[in-house]
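Below is a short briefing on one structure. Look through the sequence and the model before reading the points.

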Amino acid sequence: MQQMICAVTLALGLLAGTSVHAADTTIPDKAVHTAEQLRDRALKDPVAWQFTRDLTTEIGPRLAGGPNDERAREWVIQRFKALGFDKVWTEPVTYPKWVRRHESGAIVAPFPQPLVLSALGYSAATPEGGLTAEVVRFKNLDALKNADPAAVKGRIVYIGERMHRFRDGRDYAIGSSIRTAGPPLAAAKGAAAYLLRSAGTDAHQRIAHTGVTGFRDPAKAIPAAALSNPDADQLERILGYGKPVKVHLDIDVGIEGQYTGANVIAQLNGAKHPEQVVAIGGHLDSWDPGTGAIDDAAGVAIATAAAHLIAQLPERPARSIRVIAFANEEMGLWGARAYAKAHAKEVTEHVIGTESDLGAGKIWRMSASVKPSARKAIEQMAAVLEPLGVAYDADRPGWGGSDLSQMHAAGMAGLSLSQDATHYFDWHHTANDTLDKINRDELGQNVAVYAAVAWMAAQAKGDFGSAPGAFGKEKNGE
Ligand code: ZN
Ligand code: ZN
């Protein structure tokens, strides 16, 4: 492996030697060398695993605004301090606090039987004692959009479009839009409630995948829930009999005022340009049924461990490396939006950013949104990552990941380090999002990628093109 790495580095050096212009952003040879060492060290580094294990064990579920929100914040502050960051601080994030108290559902006609479901974020409660209504099925979101409100009014809308497994997790675009856009659409047409087939790729678990809806005004919300995949199959079989199908829902959830949590931030201060920041991170909150291991304790852990490895070097990076544990990503990027607002004047200083929020599977692809004269530096990064099985796709944008997409939209250069998401959506937002789904070697490969990339970005001669309005117009890469 070492031999191959050297050959790749050499080849790139020769290549670069023929075509680099003075104005190009490049990574100095010494920094490339250090990045290779960081990469190799990261594969055996225990910090990310310990972080993920301890957070999911000592805190467990971290529903935004819930009882574990503050405990998780305190926990991560302590861990950041223990790991020796130069600076640890919090920035407030305020949002409506949604709570889940009770949820149940059953088919009452023609074949009475219980259903496994999970209420969705910002869902409204059913009236005292629940509600019973006839189910009306739509093939997909477009069919609901085109539906006559008379066919929807007073009924329980159901959409059953199924997600399939892909390495890039592309079907989540379908599942998540049915979950977010569907409920407000059904509510606007007068629906009594909304059900969907879980936005998940597992076929045999009688476990529902929760997640947020697009309800923004609680006064316009209706009860909304996801059925497990086998329960969705069952409902569809029963609908196939052609008789009216009635469902009873008893859902006690809702908004309990405003809550102020915080983004927790740790930084290694840059030795030369402390005001310039390489931003990495994940989100600290999770859904409540699981312990939020793959979504997204792993993401915060990967960024933390990468920065910690860099902190072990004899010298500090030229630029600052900032690890952000975002608050409340799950219910609508609240921490991300607060961060982008608080740092709106520092877009140029955020030289590049990338967030880990697609589990802990191996990173297989890198893409970037940078200025053309920084492409050489990205190619140098790609050469260091190549032995880890990461392919560079020069034609795809790099949107920075879920929370950092907000800074990217403001003009920050972005990288996408795509994880293998083949099985991510089997467990995502369910009670099965637990530590056992994480492979320690794959987690280590993620840390290797983040450590190498963060170091090279911090040491690069020249910038990546961050400036207000410079990026964010392209379509998301995921
Ligand atoms: Zn996430
Ligand atoms: Zn999530």
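The points below cover a metal site and then the nonpolar cores. The model is predicted. Two zinc ions, ligand 1 and ligand 2, lie 3.3 Å apart, and the largest nonpolar core has 87 residues.

**Zinc site**

- The zinc ion (ligand 2) takes its protein donors from D295 (OD), E330 (OE, listed twice) and H429 (NE2).
- These donors lie 1.9 to 2.4 Å from the zinc ion (ligand 2).
- The angles among the 4 donor atoms run from 58 to 144 degrees, and the site is irregular. For four donors to count as tetrahedral, all angles must lie between 85 and 135 degrees.
- D295 coordinates both the zinc ion (ligand 2) and the zinc ion (ligand 1).

**Where the donors sit in the chain**

- Along the sequence, the donor residues of the zinc ion (ligand 2) follow the spacing D-x34-E-x98-H.
- D295 belongs to helix 10, while H429 is in the loop between helix 14 (424-427) and helix 15 (440-459), so the pair ties together parts 134 residues apart in sequence.
- Both D295 and H429 are buried.

**Nonpolar cores**

- In the largest nonpolar core, the residues with the most contacts inside it are I352, M381 and F464.
- Helix 10 (residues 293-311) contributes the most to this core, giving 14 residues.
- A second, separate core has 55 residues, among them V93, F138, L196 and W287.
- Beyond its neighbours within four places in sequence, F464 is in contact with residues including T25, I352, K371, M381, A413 and F471.

Definitions and conventions. Residues are numbered from 1 along each chain as its sequence is written. Chains are lettered from A and ligands numbered from 1 in the order in which they are written. This is a predicted model: local features need pLDDT of at least 70, side-chain atom pairs count only at pLDDT 80 or more; totals for chains, interfaces and linings use all residues. Side-chain values use heavy atoms; hydrogens and water are left out. A nonpolar core is a set of buried Ala, Val, Leu, Ile, Met, Phe, Trp, Tyr and Cys residues joined through side-chain atoms within 4.5 Å. Buried means under 20% relative accessible area, exposed over 50%, partly exposed in between (1.4 Å probe, protein chains only). Helices (H or I, at least four residues) and strands (E, at least two) are DSSP runs, numbered from the N terminus. Contact means heavy atoms within 4.5 Å. Donors are N, O and S atoms within 2.8 Å of the metal (3.2 Å for Na, K and Ca); water is not among the atoms, so sites may look incomplete. Four donors count as tetrahedral if all angles lie between 85 and 135 degrees; four count as square planar and six as octahedral if opposite donors are over 155 degrees apart and all others between 65 and 115; anything else is irregular.
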